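I opened this model to look up its metal sites and its ligand site. My notes follow in the order in which I took them.

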Amino acid sequence: VAKSKARGSYRLFHPDMQRADEAGRRLRAELSGALTRGEFALAFQPIVQLASQRIVGVEALLRWHHPERGLILPAEFIPVAEESGQIASLGAWVLGTACKAARHWPEDVKISVNVSPRQFELGDIRLVVGDALAAAGLPASRLKLEVTESVLLSQNASSIHVLQDLREQGVILVLDDFGTGYSSLSYLDTFKVDIVKVDKSFISRIRAPGDRQPIFEAIMGMTAALNLPVTAEGVETRVQLDYVTRLGCEWAQGYYFARPVSEYELRRRLQGFSRA
Ligand code: C2E
Ligand code: MG
Ligand code: MG
Ligand code: MG
């Protein structure tokens, strides 16, 4: 790689970059094998339907319990796993584990799984999804796949085709982190998704009653025109809840309702909610 770089490019190489590179290499080495050592777990965060105030969905969020470093969050290791290709086996494990967990929940509670664009390049995700559903005995309609718009913009045009296939089989497609990328109206029209999830950065800026987020409000206008229901993520306060409710979001997710919790804790909460 170094040889292919332009002459003199080493001058741009700062010791900090070398340190970051070493840390990346170490993480990559530790990541391979972490799955078989059983160091990964899923955390589960409830998604609440605003009209009924009931938990109608749960998002699976990947956690790495490193033997020495403790808890490592996805922002740190997902990019590494994507680059090395390990995201393929990791992603398959997430799908399988999440679907198995959902078997124990009430039938109207859906499971959301995040899927990285790289998983479309590394294999046929239709087979991975099919296997996960079959092994858990779960109908496709219980599974939501969360993809970011980078999947739609990727070079690999077939990923759009693959997603539409999955949707035809009954899987629910969610466009995650909406508003942070191109957020183009035209592809929302051509690429069929079922739900738009507005990025938490918009919600976090709402602090006091009367605060407004024009871009968020524009997204709500655009999705309403397209008949697309919206989930608000990162709702932490009552003020934010009132705001997203008033704007017409159908569902919300965030620390105001619940943090991501263990499978055991989630089941306790699902029972508690249905009794309430
Ligand atoms: P995401 O899919 O947008 O997930 C939402 C993130 O917001 C999660 O962070 C969640 O813990 C956090 N969150 C939820 N409610 C609140 C809140 O009220 N306030 C704040 N400040 N944060 C909140 P997390 O678990 O660290 O995951 C980060 C990202 O990593 C996810 O963003 C997703 O893109 C990715 N990710 C997580 N699990 C997986 C996975 O299994 N596979 C893949 N490919 N990506 C994953
Ligand atoms: Mg997500
Ligand atoms: Mg998101
Ligand atoms: Mg995100």
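**Entry 1: ligand 4.** The model is a predicted one. I began with the magnesium ion (ligand 4) and listed its protein donors: D177 (OD) and D177 (OD), lying 2.6 to 2.7 Å from the ion. With a donor cut-off of 2.8 Å and no water among the atoms, the site may look incomplete. I then looked up the place of D177, which is in strand β6. The distance from the magnesium ion (ligand 4) to the magnesium ion (ligand 2) came out at 5.7 Å.

**Entry 2: ligand 2.** Next I asked which residues supply the protein donors of the magnesium ion (ligand 2). I found E59 (OE), N114 (OD1), E146 (OE) and D176 (OD), at 2.0 to 2.2 Å from the ion. I wrote down the sequence spacing of these donor residues as E-x54-N-x31-E-x29-D. Within this set I noted a pair that links distant parts of the chain: N114 is in strand β4 (residues 110–114) and E146 is in strand β5 (residues 143–148), 32 residues apart.

**Entry 3: the bridge.** I checked which residue bridges the magnesium ion (ligand 2) and the magnesium ion (ligand 3). The bridging residue is D176, and the two ions lie 4.1 Å apart.

**Entry 4: surroundings of ligand 1.** I moved on to ligand 1 and found that it sits in the largest pocket. Three elements each give two or more residues to its shell: β2 (54–66), α2 (74–84) and β6 (172–178). I noted that β2 contributes the largest share, four residues. I counted 22 residues around ligand 1, and listed the closest as R63, N114, D176, E236 and Y255. N114 and D176 had already come up as donor residues of the magnesium ion (ligand 2). By class, the shell residues divide into eight nonpolar, six polar and eight charged.

**Entry 5: polar contacts of ligand 1.** I looked up three glutamate side chains here. E59, also a donor residue of the magnesium ion (ligand 2), has a polar side-chain atom 3.0 Å from an oxygen atom of ligand 1. For E233, an N or O atom of the side chain is 3.3 Å from an oxygen atom of ligand 1. For E236, the partner is a nitrogen atom of ligand 1, and a polar side-chain atom lies 2.5 Å from it. Last, I looked up the cover: on its own ligand 1 has 800 Å² of accessible area, and the protein covers 83% of it.

Notes: Residues are numbered from 1 along each chain as its sequence is written. Chains are lettered from A and ligands numbered from 1 in the order in which they are written. This is a predicted model: local features need pLDDT of at least 70, side-chain atom pairs count only at pLDDT 80 or more; totals for chains, interfaces and linings use all residues. Side-chain values use heavy atoms; hydrogens and water are left out. A residue is near a molecule or strand if one of its heavy atoms lies within 4 Å of it. A polar contact is a pair of N or O atoms within 3.5 Å; within protein, one must be able to donate a hydrogen and the other to accept it, and residues adjacent in sequence count only if both atoms are side-chain atoms. Accessible areas come from the Shrake-Rupley method with a 1.4 Å probe; for residues, only the protein chains shown count as cover. On a 1 Å grid over the protein atoms alone, a cavity is a set of points where a 1.4 Å probe fits but cannot get out, and a pocket is an open set with protein on both sides within 12 Å along at least five of seven lines; lining residues have an atom within 4 Å of a point. A molecule sits in a cavity or pocket if more than half of its atoms lie within 2 Å of its grid points. Ala, Val, Leu, Ile, Met, Phe, Trp, Tyr, Cys and Pro count as nonpolar, Asp, Glu, Lys and Arg as charged, and the others, Gly among them, as polar. Donors are N, O and S atoms within 2.8 Å of the metal (3.2 Å for Na, K and Ca); water is not among the atoms, so sites may look incomplete.
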